[in-house]
Amino acid sequence: MDTRQIRAFLAIADTGSVTRAAELLHVVQPAISRQLKLLEDDLGALLFERSRGGMVLTDAGRTLVEYSRRALRELDNARSEIQPSGPSIAGIVHVGLLPSSCELLAAPLVLALKERYPGVQVSLSVGYTDHLARWLETGELDMALLYDAPQRPSVSLEPLLKEVLCLTAPAAHGLSLKKPVKVRALGQAPLVLPSRPHNLRGLVEHACAVADVPFRIAAETNALSVQRDLVVQGVGFSVLPAVAIRGELERGLLSAAPIAAPEFARSIYLALPTTRRTSTAGQCVVGELKRCMEAAVDSGEWTGAKWIRSSGEHGRT
């Protein structure tokens, strides 16, 4: 098994055709077919089923795709560090962002890297903490922002900021970010929440159980955009960080109030894998990501957040 075979295999998987794979890699079709046969002989398994619709991955092929992409990504990163194309730092870095703050961070991060490290390219993925943590462990991500992630031997966690979760309602309810509410407010209206086992759902259920607050579910959704829209449409209240509804608050579509209970203040961590080194390009991205986050907190754009510094916690709420 060598990199030519792996690249040929992935090209076929991506295009569904030996002919198109050959065009993609700028080689003749027989060469692609030969590389695939050598790879299948080496593994002792068929990687594709040949059908009228094209080349379809077998179970063995689907397994190999996952590992192949990861292996080539690591090799490409190593090559960019050992044999840079120019005097500047270069490489592709895969970053995981949270849905609540991705819109606040994505553009500033990309623009900052373009200005300071033009040879560094970022690939941004958005997902909830459980998904991002899994992608980090499988090598699909080089770093990720996670909410209150549990300690794992394979991941190092650095706390960056804390933010307060808010009861969120249609604007007509007149909630205010300057007037916190108690946990019992969660029982005032049906709630729009993620489905189990999402951490936020568990947090709300536990807090209401401890405070003996009965609550009702109006709708379940694991899409943040749908969660916001359902609240705007008056389906129910929800629990969200203020940063996730910045636009709706500014346009007068929603109102929000911090929930005055310790469990509704959560931390965001920068997570890095301990099982592999962070590339030079990755270290540059880490630095710029931290700067973007701190700037958003200090400017007040990251509403309800406090930046965590080594000398203590500072920042603007």
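Student: What makes up the secondary structure of the protein chain?

Tutor: The chain comes to ten helices and 13 strands. Keep in mind that this is a predicted model. Its C-alpha trace spans about 70 × 45 × 40 Å along the principal axes.

Student: How many residues are in the chain, and what share of them is buried?

Tutor: There are 317 residues, and buried ones make up 46% of them. Let's try that label on a single residue.

Student: Okay, why is Trp307 called buried?

Tutor: Trp307 has a relative accessible area of 6%. Buried means under 20%, so Trp307 gets that label. You'll find Trp307 in strand E12, residues 305-309. Its C-alpha atom is 6.3 Å from that of Glu294, and the two residues are 13 apart along the chain.

Student: And what makes Pro214 exposed?

Tutor: Here the relative accessible area is 67%. The cut-off for exposed is over 50%, so Pro214 counts as exposed. Pro214 sits in the loop between helix H7 (199-210) and strand E8 (217-220). The C-alpha atoms of Pro214 and Met143 are separated by 39 Å, with their positions 71 residues apart along the chain.

Student: Why is Val27 called partly exposed?

Tutor: Val27 comes in at 38%. Partly exposed lies in between the 20% and 50% cut-offs, so the label fits Val27. Look for Val27 in the loop between helix H2 (18-25) and helix H3 (29-43). Together with Leu24 and Leu25, Val27 makes a nonpolar surface patch of about 230 Å².

Student: Now charges. How do you know that Asp59 and Arg62 form a salt bridge?

Tutor: Check the N to O distance, which is 2.2 Å. The rule asks for a side-chain nitrogen of Lys or Arg within 4 Å of a carboxyl oxygen of Asp or Glu, so this pair qualifies. Both residues are in helix H4 (residues 59-82), and because they are three residues apart, about one helical turn separates them. Asp59 is exposed at 57%, while Arg62 is partly exposed at 46%.

Student: What makes Arg4 and Asp2 a salt bridge?

Tutor: Their closest N and O atoms are 3.5 Å apart. The limit is within 4 Å, so Arg4 and Asp2 count as a salt bridge. Arg4 is exposed, with 57% relative accessibility, and Asp2 is partly exposed, with 27%.

Student: Which residue does Glu137 pair with, and what does that pair tie together?

Tutor: Glu137 forms a salt bridge with Arg152, with the closest N and O atoms 3.5 Å apart. Glu137 lies in helix H6 (residues 129-137), and Arg152 in the loop between strand E5 (143-147) and strand E6 (155-170), so the pair ties together parts that are 15 residues apart in sequence. Glu137 is partly exposed at 37%, and Arg152 is partly exposed at 28%.

Student: Which residues do salt bridges with shared partners join into one network?

Tutor: Arg196, Arg201, Glu205 and Glu220. By the distance rule, the count comes to 15 salt bridges.

Student: Where are the mean positions of the positive and negative charges relative to each other?

Tutor: They are 2 Å apart, taking the 35 positive and 33 negative charges of the chain.

Student: What about contacts along the chain: what share is between residues 24 or more positions apart?

Tutor: That share is 71% of the contacts with a separation of 6 or more.

Key: Residues are numbered from 1 along each chain as its sequence is written. This is a predicted model: local features need pLDDT of at least 70, side-chain atom pairs count only at pLDDT 80 or more; totals for chains, interfaces and linings use all residues. Side-chain values use heavy atoms; hydrogens and water are left out. Helices (H or I, at least four residues) and strands (E, at least two) are DSSP runs, numbered from the N terminus. Buried means under 20% relative accessible area, exposed over 50%, partly exposed in between (1.4 Å probe, protein chains only). Contact means heavy atoms within 4.5 Å. Lys and Arg count as positive and Asp and Glu as negative; His and the chain ends are not counted. The place of a charge is taken as NZ of Lys, CZ of Arg, CG of Asp or CD of Glu. Patches are made of residues with over 30% relative accessible area and no salt bridge: like charges are joined within 9 Å, nonpolar side chains (Val, Leu, Ile, Met, Phe, Trp, Tyr) within 5 Å. Accessible areas come from the Shrake-Rupley method with a 1.4 Å probe; for residues, only the protein chains shown count as cover.
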